[in-house]
Amino acid sequence: MFGNHRNGGGNDGGNDGGNDGNKAPETKTAPQSPPDAAANPAPNPNGEAKPLQMSAPPKIGLALGSGLARGFAHIGVVRALKRHGIVPTVVSGTSMGALVGGAYLANKLDNVEEWAYSLTRAKVLSYLDFNRGVLMGAGGIIGGEKLVKLMLENFGDIRAEELLYPFIAIATDLVTGHEVWLRRGRLVDVMRASFSLPGIFPPVPFNGRWLIDGALVNPVPVSACNAGGARMTIAVNVNGDIIGKVKRPGDKVPTVAGFDLLNVAGPHAEEAKKSGLINRIFKREADHPSVFGVMISSLNIVQDRLSRSRLAGDPPDVLITPRIGHIGLMEFDRAEELIAEGEAAVERAVPDIKAAYAVLCTEYNEAEEAAMPEGYKP
C-alpha cells in the first residue's frame, strides 16, 4: 500500500471535496484569488438587482507527459510549482502523467511519492504478474492486477469528475486509433486506461471501447489543457532528453529499459525464469536486443517523434524538460533521483514561468478590470 510522505509534510491542500475521502489541492496559495462581487448592481431578466462579478482568475494548465519510470519526475515538478505559488487548475496527463496528475488532484500525491521511494528492482518485479499476463492470454505481457489492487487501496472509488479541478486523462481507442479524453468515471479506471502500454499491459474496457496508452496519440497533452480553458499552460516532457543516451558506453544495443529484468535477484525473477515463454520475451544476448527491449525501444521512438510533432502544433507557454534521458524507462527504483530532477527542472524554468504569468495572467486580469463599468469597485 502507498505510504505517507517520508518527510511528514502531510497531504497537499486541505479543502475537503466530500467525495469518498477525496481532498483536492487548496487554492489559497494561488498568486491571485477571485475578487469580491461588485457593489454596482445590474438588473437581471426578472428586474431584480444582480451584482456584477469579475471573471475568476485565469486558469493555469499543467500537461504531464508519458514516460514510464521517468514519469516520477512529475512529482518533483508539482512540488516545486506549489512552492513558487503556481497552482494548476486544469490538469491533463498521459500514461504516468495521468497517474501523477490524478494523484495530485485527489490529494494522494504524498502516498504515491512514498511508494515510489520504497521501490527496488526486486519489488518492481514483484508487481509484474507475468503469469497472469502472458500465460492467461490477458492481452499483455503483464497482467497488471497487483498494480490495480494497490491503486484501489489508495484511491478507492474517487471519480474523476468529482475532483475540485478539471482532470483530463488521455487514452487511445484500440479499434479506431482515436484520441480519447477521459474526464468522467472511477479515477483508478481512468488512470489505468491511460497507462495501458500496448503489449505490456492489457487493454482496458471502458464505456464500450478498448483503450490503450494515450502516448500513442498525444504524449504531452497540451491541447487538452487549452481546450479546458487554460490561459497559461505549463507542459512537462520527460522524454525530451533521450538523444544518444539510451545506448551506454560499451553496449552494442540500447538499454532503454535500464536493466535486464531477468537478471534481478529474488524469488519473483526465479519464478519468471521457469517459464520458457517469458524467457524468450525478456532474455537477450550481449549483442542482440530482447523482444521486450525492441518493444520498449520502438514505443519510445514513437512517443518521442510524436511529442515533437504535437508540441510544435500545440506549443505550451512554458515547456519543462527534466534531464533524465540517462535513466531507463523501467528504472522505477531511481525515484528519488527522478523526483529531485523534476524539482530542479522547475527551478531552471522559473524565469520563463514568471514572465509568461506576468503577460498571460496578471496583465490579463488588469485588462479585464479596466473594461468593467464606471464606478465598479472590487
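A search of the whole structure, which is a predicted model, finds zero disulfides. A disulfide is a covalent bond between the sulfur atoms of two cysteines. Among the cysteines, cysteine 225 is buried, with a relative accessible area of 0%, and cysteine 361 likewise counts as buried, at 1% relative accessibility; both values fall under the 20% that bounds the buried class.

Burial was also examined for proline 221, which is found in the loop between strand E10 (209-213) and helix H8 (222-227). The relative accessible area of proline 221 is 0%, and the residue is therefore classed as buried, the limit for that class being under 20%. When neighbours within four places in sequence are left aside, the residues in contact with proline 221 are Ala63, Leu64, Gly65, Ser92, Gly93, Thr94 and Ile170. Leucine 311 is separated from proline 221 by 90 residues in sequence, while the C-alpha to C-alpha separation of the two residues in space is 8.7 Å.

Helix H7 (residues 187-194) is largely enclosed by the rest of the structure, because six of its eight residues are buried. The buried positions of H7 are Leu187, Val188, Val190, Met191, Ala193 and Ser194.

At the surface, Leu174, Val175 and Trp210 make a nonpolar patch of about 340 Å². Leucine 174, one of the residues of this patch, is placed in the loop between strand E7 (167-173) and strand E8 (179-182). With a relative accessible area of 46%, leucine 174 is partly exposed.

Charged pairs were considered next. Side chains of opposite charge can pair when their charged atoms come close. With a cut-off of 4 Å between a side-chain nitrogen of Lys or Arg and a carboxyl oxygen of Asp or Glu, the count comes to 18 salt bridges. One of the pairs is formed by glutamate 347 and arginine 83, whose closest N and O atoms are 3.5 Å apart. This pair links distant parts of the chain, since glutamate 347 belongs to helix H12 (residues 335-370) and arginine 83 to helix H1 (residues 73-83), with the two positions 264 residues apart in sequence. Glutamate 347 is partly exposed, at a relative accessible area of 36%, whereas arginine 83, with a relative accessible area of 52%, is exposed.

A salt bridge is also found between the side chains of aspartate 157 and arginine 186, with an N to O distance of 3.6 Å. Aspartate 157 lies in the loop between helix H6 (145-155) and E7, and arginine 186 in the loop between E8 and H7, so the pair ties together parts that are 29 residues apart in sequence. Aspartate 157 is partly exposed, with a relative accessible area of 47%, and arginine 186 also counts as partly exposed, at 26% relative accessibility.

In a further salt bridge, the side chains of arginine 159 and glutamate 161 meet at 2.6 Å, N to O. Arginine 159 counts as partly exposed at 33% relative accessibility, as does glutamate 161 at 26%. Beyond these pairs, a network of salt bridges links Arg121, Glu331, Asp333, Arg334 and Glu337.

Terms used
Residues numbered from 1 in each chain as written. Predicted model: local features only at pLDDT ≥ 70, side-chain atom pairs only at ≥ 80, totals over all residues. Heavy atoms only, no water. Buried < 20%, exposed > 50% of the residue type's maximum accessible area, 1.4 Å probe, protein only. Helix = DSSP H or I, 4+ residues; strand = E, 2+ residues; numbered from the N terminus. Patch = residues over 30% accessible without salt bridge, like charges linked within 9 Å, V, L, I, M, F, W, Y side chains within 5 Å. Areas by Shrake-Rupley, 256 points an atom, 1.4 Å probe, with all protein chains shown as cover. Contact = heavy atoms within 4.5 Å. Disulfide = S-S within 2.5 Å.
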